[in-house]
Amino acid sequence: MKRSVWLALVSVHALVAAVAACSAVPADARIGILAPDDSEQGFGPVADYLDHRCGSLDCHGQTSRNFRVWGCEGMRLSPTDVPQCSRNLGGTATTPDEHQATYRSLVALEPAVMSAVVAGHGAHPELLTFVRKARGIESHKGGSLITPGDFQDRCITSWLAGQTDLDEAGVSSCRSAISFPTFPGLDASTE
Amino acid sequence: MRGYLPSLLAVAAAAIGPLGCVDIVHTDQVQALGGEAPGVGPGPTHRPGQPCLVCHGGQGPASFQMSLGGTVYDTQGQSAPAEGVQVQIEDITGASVTATTNSAGNFFVPLDQWQPKFPLLMQVSRGGVTQQMLTYSSREGSCAGCHSNPSGPRSPGPIYVNASQKP
């Protein structure tokens, strides 16, 4: 092939690619995914559990983490709030805005996978990395935190399935999950 | 040029090799701590309020390793150290250890004495007054890793024995 022909072909190819790059995707294009319930009623208890179990300041209560958890037990959203839940100790309860910040962080981790899990009515939550890490199936610095079927697991998986899980007494599994982890000594001494 | 290539590669490897052993993040953390305070050399009372395990966590530069370390202050919002405070630490298995703060308010648990299984729960006590940590430590052995001064959205503030009148 002559050099001039070769150069012409390359130039045309580059021109087509440049035009396509500028015009193929509208600036306001959005990709739709199926996302789990983000309401205060549906996700609020899940967010509170995540704050308690995952959101300590030395774990996911940091902006340096991909999965970021906000709440009164860890990182606060408002610059005037401190990591303290008790009003008597100068703290404030976790706010709906913090629940939403945690929601956005969690759902944005693997949006396509999250969409698939929600589309499947939560039948396969283990497709999500955060579930596998929490269950200890995948390497996790914090170790294995939950066991399939326990209150913690039911709190998360029922949310992914679009349901509210209640125990025998009608208490939300997320509320029961707050009791984890249990320390045999110091916890008991304060009860 | 071919004759020089092995020499050039050897020089490049020698130059790059040591860099592979340097943890830049850790180096930055150590440097951020600054120098020793005037009149207080390395030892149990140095650097109160700093994250102990940055240097004592196994990456150096200190050779003495701790599993836990921190500083307790007398009163919330004030800078006077609290000496003689019992710091009780319990890990998730129920194993526990108690350390006592020194004149700088510092306490530490040597690594060869205890290697706890995280998470940890802690409380500090002195003279019948007890403050219990309301959350737990999931992985951080330096109290100041979270309890930095001042308090804010990312820190509950330094550890204290006596609460101030107005929290």
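This explanation describes two sheets in chain B and then a set of aromatic pairs, with examples from chain A. The structure is a predicted model, and every value below is computed from it.

One of the sheets in chain B is open and consists of three strands in the order β4-β1-β7, with mixed pairing. Its edges are formed by β4 (106-110) and β7 (159-162) of chain B, each of which pairs on one side only. On average, neighbouring strands of this sheet are turned by 30° against each other, direction ignored. Within the sheet, strand β1 of chain B (residues 66-75) is joined to β7(B) by three bridges, and these two strands run parallel. A reader who wishes to locate this contact in the model may begin at B:Val72, whose bridge partner in β7(B) is B:Ile159.

Chain B also contains an open sheet of four strands, arranged in the order β3-β2-β5-β6 with antiparallel pairing. Here the edge strands are β3 (96-100) and β6 (129-132) of chain B, and each of them pairs on one side only. The twist from one strand to the next averages 20° in this sheet.

Strand β5 of chain B offers a convenient point from which to follow the pairing. This strand spans residues 120-126 and is joined to β6(B) by four bridges, the two running antiparallel. With strand β2 of chain B (residues 86-91), β5(B) shares six bridges, again in an antiparallel arrangement. On the β2 side, B:Glu90 stands opposite B:Leu121 in β5(B). Towards β6(B), B:Ser125 stands opposite B:Thr130, and B:Arg126 has B:Val129 as its bridge partner. In a regular strand, side chains alternate between the two faces of the sheet. As for solvent exposure, β5(B) is mostly covered, six of its seven residues being buried. The connection between β5(B) and β6(B) is a hairpin with two residues between the strands. In that turn, B:Gly127 has a positive phi of about 55°.

The aromatic side chains form a further theme. A pair of aromatic rings is described by the distance of the centres and the angle of the planes. Over all chains, the count comes to six aromatic pairs. One of the pairs consists of A:Phe43 and A:Trp159, whose ring centres are 4.9 Å apart; the planes meet at 45°, so this pair is tilted, since the tilted class lies between under 30 degrees for stacked and over 60 for edge-to-face. A:Phe43 belongs to helix α2 (residues 40-54) of chain A and A:Trp159 to helix α6 (residues 151-160) of chain A, so the pair ties together parts that are 116 residues apart in sequence. Both A:Phe43 and A:Trp159 are buried. These two residues also form one aromatic cluster together with A:Tyr103.

A:Phe67 and A:Phe130 make up another of the pairs: their ring centres lie 6.1 Å apart and their planes are at 50°, so this pair is tilted. This contact links distant parts of the chain, 63 residues apart, with A:Phe67 in the loop between α2 and α3 (96-107) of chain A and A:Phe130 in helix α5 (residues 129-135) of chain A. A:Phe67 counts as buried because its relative accessibility is 8%, where the cut-off is under 20%. A:Phe130 counts as buried because its relative accessibility is 11%.

Note on methods
Residues numbered from 1 in each chain as written. Chains lettered and ligands numbered in written order. Predicted model: local features only at pLDDT ≥ 70, side-chain atom pairs only at ≥ 80, totals over all residues. Heavy atoms only, no water. Pairing = 2+ DSSP bridges. Axes fitted to C-alpha atoms, helices over the stretch in contact; angles between N-to-C directions. Buried < 20%, exposed > 50% of the residue type's maximum accessible area, 1.4 Å probe, protein only. Phe/Tyr/Trp six-rings, centres within 6.5 Å; stacked < 30°, edge-to-face > 60°.
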